[in-house]
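I opened this one with a plain aim: go through it piece by piece and jot down what I find. Here is the thing I was looking at.

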Amino acid sequence: MALLEVKNLGISFGGLRAVDNLNMSLEKGSLVGLIGPNGAGKTTAFNLLTGVYRPTDGTITLEGSSIVGKTPSEICKAGIARTFQNIRLFQKMSVKDNVKAALHNQFQYSLLESICHVASYKKKEKEMDEKVMEILKVFDLDVYADTFASNLPYGKQRKLEIARALATDPKLLLLDEPAAGMNPNETAELMETIELIRKKFDITILLIEHDMKLVSGICEYLYVLNFGTELANGTPDIVLNDPKVITAYLGE
Amino acid sequence: MSLLNSILEQLINGLRTGSIYALIAIGYTMVYGIAKMINFAHGDIIMVGAYALYVYSSILKLPLVAAIILTVVTCSVLGIITEKIAYKPLRNAPSLAVLITAIGMSFLLQNVALLIFKATPIPFASVVNVSGIRLGSLYLSGTTLVTLGVTVIAMVALTLFVNKTKAGRAMRAVSEDRGAAELMGISVNATISLTFAIGSGLAAVAGILYISQYETLMPTLGALPGIKAFVAAVLGGIGSIPGAMFGGIILGIIESLSKAYISTQLSDAIVYGVLVVVLLVKPSGLLGKLKIEKV
């Protein structure tokens, strides 16, 4: 059974059909790319998958159960986490607290425990700190733990977003243009990081990207969107040489 | 010596009223930070707190500690309910609609109180039974001591809560980016409810302290401290909790000094004048950070 199954997914904003009849199937452990020209509906598709928008038609199932109509926080609990095209970190919180905020659902202690400052509260907070540092180490961000997120250099902010998303313990990680605004060195580093987290955290990754070097370098399978509908899908070497796809990107 | 003494006395008076403003201002600023709205009904929560204490302690004759706890719980629950029925349905509405609703909520609370307790002011002796102390030539009344003590404890507890706990972290995350917080698995509804509960609980505490000082119950008693605390929150930088604490205390001290040395009638005008000047020089308030919108 596929981890994520999307069938005939569509959404209309008034008269605009932003996504229409999208079908996707993601096997567990795969690394899949979602590509397409600007305005093709890629980010809208992410917003549908994470519950930011409610689809007008179609179904989304994660591990066999439907997630349509659930709130974003419920979907996050069910196992889908994401990053954003334009970085949306908690700017005025420390790097550590950004990740810690995402651990919200994995560590439970009641309000009363925290008010009374009992031993269990301290133990849980300590465990959280350890977990945070473990995740930050993977991204070489551990030295910045007490820095405000807004003071990190751009490339590191992008990494922190991925770290924060991973802290929610997802089964499926959605990366929205992770390499946007990065120089070739940073992109190469990012490709390594993505490979690393996929193995280390044993997760499935779906990413939106315009950098074809990254896409062809790490994705095993591609879906191409154009004007909200699916234009092609297949392995990168087939899809990226498909005349239809080239036309959609470059024109006639 | 006597001038110095009287200045010190006025400073302490200012600190006392300022503490009450600060407690109320925290509610305004927290709700603004999380729900991005000015809850104009917040002042009336103080009034509800004062009447609730009266009902629990004078009418039902409950022991004082029980009455105080019940008062705080009543106001917290009221805060959650007002948010759920009046503000939550408007979460995506224009801010003007929310503002008008908040003013409506304020009138509703005042008029329900008027209906139940009538317009005649009810005298209500202070519940604070602590004797004052004398420091040299300076006298600190029991109410002053309790007010300062309670405020310090509440502020320290709140600061620890916001910075050191999971729920506090969730609050900071929601106040920065509600959408991103929700996508990281934080329940926005629960966080907003908690914020209203804490804000209203602090307003209840402020109500109890306020009524211990003025000793008269009226349905409109929350209006003036409410608006002053709002000014304090804006003065300190709305959205910032330390700003609200600071703004409240500063406001109380300015008010008390101008009452004593300039003019009793002009004291309010001076307070608002200071607000105008501060906002002209620093539009985001004393501790507020100016947000630059990138385009």
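My entries below go from the domains of one chain to its sheets, then to the other chain and the contact.

**Entry 1: what I'm looking at**

First reminder to myself: this is a predicted model. I'm reading it with that in mind.

**Entry 2: the domains of chain A**

I looked up how chain A is divided. Domain 1 of chain A takes residues 1-79 + 170-252, and domain 2 of chain A takes 90-164. So domain 1 is written as two stretches of the chain, 1-79 and 170-252. I then checked the spacing: the C-alpha centres of the two domains lie 27 Å apart. Where they touch, 10 residues come from domain 1 of chain A and 8 residues from domain 2 of chain A.

Which helix gives the most to the domain 1 side of chain A? I found helix H7 of chain A, residues 184-201, with 5 residues. I also sorted that side by class: 5 nonpolar, 2 polar and 3 charged residues.

**Entry 3: the four-stranded sheet**

Next I traced an open sheet of 4 strands in chain A, in the order S2-S1-S4-S5, with antiparallel pairing. I noted its edges as strand S2 (16-26) and strand S5 (65-66) of chain A, since each pairs on one side only. Helix H1 of chain A, residues 42-49, packs on this sheet and touches S1, S2 and S4 of chain A. I wrote down its angle too: the direction of H1 makes about 65° with that of S2(A).

Then I zoomed in on one pair. Strand S1 (residues 4-13) and strand S4 (residues 57-62) of chain A run antiparallel and are joined by 5 bridges. For a concrete example I picked A:Lys7, whose bridge partner in S4(A) is A:Thr59.

**Entry 4: the six-stranded sheet**

Chain A has another open sheet to follow, with 6 strands in the order S6-S7-S8-S3-S9-S10 and mixed pairing. Why is one side of S6 and of S10 in chain A left without a neighbour in the sheet? I see that strand S6 (80-82) and S10 stand at the edges, so each has a single partner strand. On average, neighbouring strands here are turned by 20° against each other, direction ignored.

I wanted to see "mixed" for myself, so I went pair by pair, and here is what I got:

- S6(A) and strand S7 (residues 172-176) of chain A run parallel, with 3 bridges. A:Arg82 stands opposite A:Leu174 in S7(A).
- Strand S3 (residues 31-35) and strand S9 (residues 221-226) of chain A run parallel as well, with 4 bridges. A:Leu34 has A:Tyr223 as its bridge partner in S9(A).
- S9(A) and strand S10 (residues 229-234) of chain A run antiparallel, with 5 bridges. A:Leu222 is bridged to A:Gly234 in S10(A).

The last pair is a hairpin: 2 residues sit between S9(A) and S10(A), and A:Phe227 in the turn has a positive phi of about 50°. I also spotted helix H10 of chain A (residues 243-250) lying across S9 and S10 of chain A, at about 130° to S10(A).

**Entry 5: chain B on its own**

I counted elements in chain B and got 11 helices and 4 strands. Its C-alpha atoms fill a box of roughly 60 × 50 × 35 Å along the principal axes. Is chain B compact or spread out for its 295 residues? A compact globule with that many residues would have a radius of gyration near 19 Å, and chain B has 19 Å, which agrees. I also noted that 48% of the residues of chain B count as buried. Of the contacts in chain B with a separation of 6 or more, 74% are between residues 24 or more positions apart.

**Entry 6: where the chains touch**

The contact takes 17 residues from chain B and 25 residues from chain A. On the chain B side, helix H6 (166-176) and helix H7 (178-183) each give two or more residues. H6(B) provides the largest share there, 7 residues. By class, the chain B side has 7 nonpolar, 4 polar and 6 charged residues.

**Entry 7: an enclosed helix**

I finished with helix H3 of chain A, residues 95-102. All 8 of its 8 residues are buried, so H3(A) is largely enclosed by the rest of the structure. Among them are A:Lys96, A:Asp97 and A:Lys100. What do these buried residues pack against? I found helix H5 (119-138) and helix H6 (154-167) of chain A, together with H6 of chain B.

Terms used
Residues numbered from 1 in each chain as written. Chains lettered and ligands numbered in written order. Predicted model: local features only at pLDDT ≥ 70, side-chain atom pairs only at ≥ 80, totals over all residues. Pairing = 2+ DSSP bridges. Contact = placed C-beta atoms within 7 Å. Axes fitted to C-alpha atoms, helices over the stretch in contact; angles between N-to-C directions. Rg over C-alpha atoms; globule rule 2.2 N^0.38 Å. Buried ≥ 20, exposed ≤ 12 C-beta atoms within 10 Å, placed from the backbone. Domains from an automatic or database assignment. Nonpolar A, V, L, I, M, F, W, Y, C, P; charged D, E, K, R; others polar.
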